[in-house]
Amino acid sequence: MSCTGIAANIAFNCNSTANNAGVEELAVLFRWSDIDQGACTFDSTNPLKLETLVGDSSPLVGYSYTSAFNAIRPNFSKVADGFNPNKYAHVVNLPIYGEDPTTNREIEKLVGDKVVAVVFTNARTVEVFGFWSGLYVTSYTKDFYENEASHQIVLSTPEGVAEPSIPYHYVGSSSPSDDFETLRAEILAYVS
């Protein structure tokens, strides 16, 4: 049996139709350097299922970023590389609505940081972007006459670097689960 070839059928999933497209207007960001990637665990039968998020040296802390208007837009794409078929670029478009010194200062800090982003999809899954390589602010603009004057932030895998897989599905630390509300609560428990 080949480890890299296809090995299962894929059928139409009624729960994954267009009415489930999009994500909630909330993303949780973690400082990439605060996660001990080597100590995090994955499902033994499906390595795309992340079971635990483990802090590097102290309790792991997440930061919530709330948006509006269906504006948070995560995506990923295959990176062409003839030598390694498993390379992906992760992107999270993260518009921030707010104009005050505290918001501006936090965005300025984000611009210089490397993060992992967790989003909650309308299909009721929890997706983790940038786990291995981290996400950087690769674009940041604000036009006071466009996009409701929001801060248009793009977090993405930097050029020349790639994630080894599509975003991970977070399935929980206490016992792997598909219960969306339980998983959402686990991630939000990290928010200070």
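Let's start with one ring: phenylalanine 76 is partly exposed, with a relative accessible area of 39%. Here buried means under 20% relative accessible area, exposed over 50%, and partly exposed in between (1.4 Å probe, protein chains only). Tyrosine 88, at 16% relative accessibility, is therefore buried.

A word on the model: it is predicted, so local features need pLDDT of at least 70 and side-chain atom pairs count only at pLDDT 80 or more, while totals for chains, interfaces and linings use all residues. Residues are numbered from 1 along each chain as its sequence is written, and side-chain values use heavy atoms, leaving out hydrogens and water.

Now for the pairs. Rings of Phe, Tyr and Trp (its six-membered ring) pair if their centres lie within 6.5 Å; planes under 30 degrees apart are stacked, over 60 edge-to-face, and the rest tilted. Across the whole structure, a search finds nine aromatic pairs. One of them joins phenylalanine 76 and tyrosine 88 edge-to-face, at 6.3 Å centre to centre with 70° between the planes. Phenylalanine 76 belongs to strand E4 (residues 73-78) and tyrosine 88 to strand E5 (residues 88-96), 12 residues apart. Helices (H or I, at least four residues) and strands (E, at least two) are DSSP runs, numbered from the N terminus.

Phenylalanine 120 and phenylalanine 180 also meet edge-to-face, 6.4 Å centre to centre and 80° between the planes. Phenylalanine 120 lies in strand E6 (residues 115-121) and phenylalanine 180 in helix H2 (residues 180-188), so this pair ties together parts 60 residues apart in sequence. Both phenylalanine 120 and phenylalanine 180 are buried.

Elsewhere, ring pairs link Phe42, Phe131, Trp132 and Tyr168 into a cluster.
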